[in-house]
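Let's walk through this protein together, from its overall layout down to single residues. Have the structure open and turn it as you read.

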Amino acid sequence: GANGGAVAAVVLRAMIAAIEDESLAPRSFTSHFLRPPAPGKVEVDVVIERLGRTVASVSARMWQSEELML
């Protein structure tokens, strides 16, 4: 399966896409890996916790087969 960096990149790209503002580039990213995803489809749920003019706080969860991965 995919390693931590590749999995984190998928989640980070989903978070960036959810904001839809190129001026709000990522400054910090923290992740907690609960289990490695198997090859195949995953679902990433993104929540914009706070969206300001200069800063956004975003959280995300990666799921596969109804199990939380990240």
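Helices (H or I, at least four residues) and strands (E, at least two) are DSSP runs here, numbered from the N terminus. With that in hand, you can place Glu67, which lies in strand β3; we will come back to this residue later on. A word on where the numbers come from: residues are numbered from 1 along each chain as its sequence is written. This is a predicted model, in which local features need pLDDT of at least 70 and side-chain atom pairs count only at pLDDT 80 or more, while totals for chains, interfaces and linings use all residues; side-chain values use heavy atoms, with hydrogens and water left out.

Start with the overall layout. The protein has one helix and three strands, and from the N terminus on these elements run α-β-β-β. The C-alpha trace spans about 40 × 20 × 15 Å along its principal axes. Of the 70 residues, 19% count as buried, where buried means under 20% relative accessible area, exposed over 50%, and partly exposed in between (1.4 Å probe, protein chains only). Contact means heavy atoms within 4.5 Å. Among the contacts with a separation of 6 or more, 56% are between residues 24 or more positions apart.

Now look at the sheet. Two strands pair if DSSP finds at least two bridges between them. The three strands form an open sheet in the order β1-β2-β3, with antiparallel pairing. β1 and β3 (67-68) stand at the edges with a single partner strand each, so one side of each is left without a neighbour in the sheet. Strand β1 (residues 43-51) pairs with β2 over eight bridges, and a hairpin joins the two through four residues. Along this pairing, Val47 has Ser59 of β2 as its bridge partner, and Ile48 stands opposite Val58 in β2.

On the other side, two bridges join β2 to β3. Here Gln64 has Glu67 as its bridge partner in β3, and Trp63 stands opposite Leu68. The hairpin of β2 and β3 has two residues between the strands, and Ser65 takes a positive phi near 50 degrees there.

This brings us back to Glu67. Is Glu67 buried or partly exposed? Glu67 counts as partly exposed because its relative accessibility is 42%. Not counting residues up to four places away in sequence, Glu67 touches Arg35 and Met62. Arg35 is 32 residues away from Glu67 in sequence, yet their C-alpha atoms are 9.0 Å apart in space.

Turn next to the helix, where Ala8 lies in α1. Ala8 counts as buried because its relative accessibility is 13%. Leaving out residues up to four places away in sequence, Ala8 touches Phe29 and Phe33. Ala8 and Leu24 are 16 residues apart in sequence, and 18 Å separates their C-alpha atoms.

What holds the nonpolar side chains in one group? In soluble globular proteins, nonpolar side chains tend to be buried together. A nonpolar core is a set of buried Ala, Val, Leu, Ile, Met, Phe, Trp, Tyr and Cys residues joined through side-chain atoms within 4.5 Å. The largest one in this model has seven residues: Val7, Val11, Met15, Ala60, Met62, Met69 and Leu70. α1 and β2 are the elements that give two or more residues to this core, and α1 gives the most, with three. One core member, Met69, touches residues that include His32, Phe33, Pro36, Met62 and Trp63, not counting those up to four places away in sequence.Finally, find the largest pocket. A pocket is an open set of points on a 1 Å grid over the protein atoms alone, where a 1.4 Å probe fits, with protein on both sides within 12 Å along at least five of seven lines; lining residues have an atom within 4 Å of a point. About 530 Å³ of space lies in this pocket, the volume being the space filled by probe spheres set on the points, which are joined across faces, edges and corners. Its lining has 25 residues, with Met15, Ser28, Phe29, Ser57 and Val58 nearest the centre. α1 (4-19) and β2 (56-64) each supply at least two lining residues, and β2 gives the most, with six.
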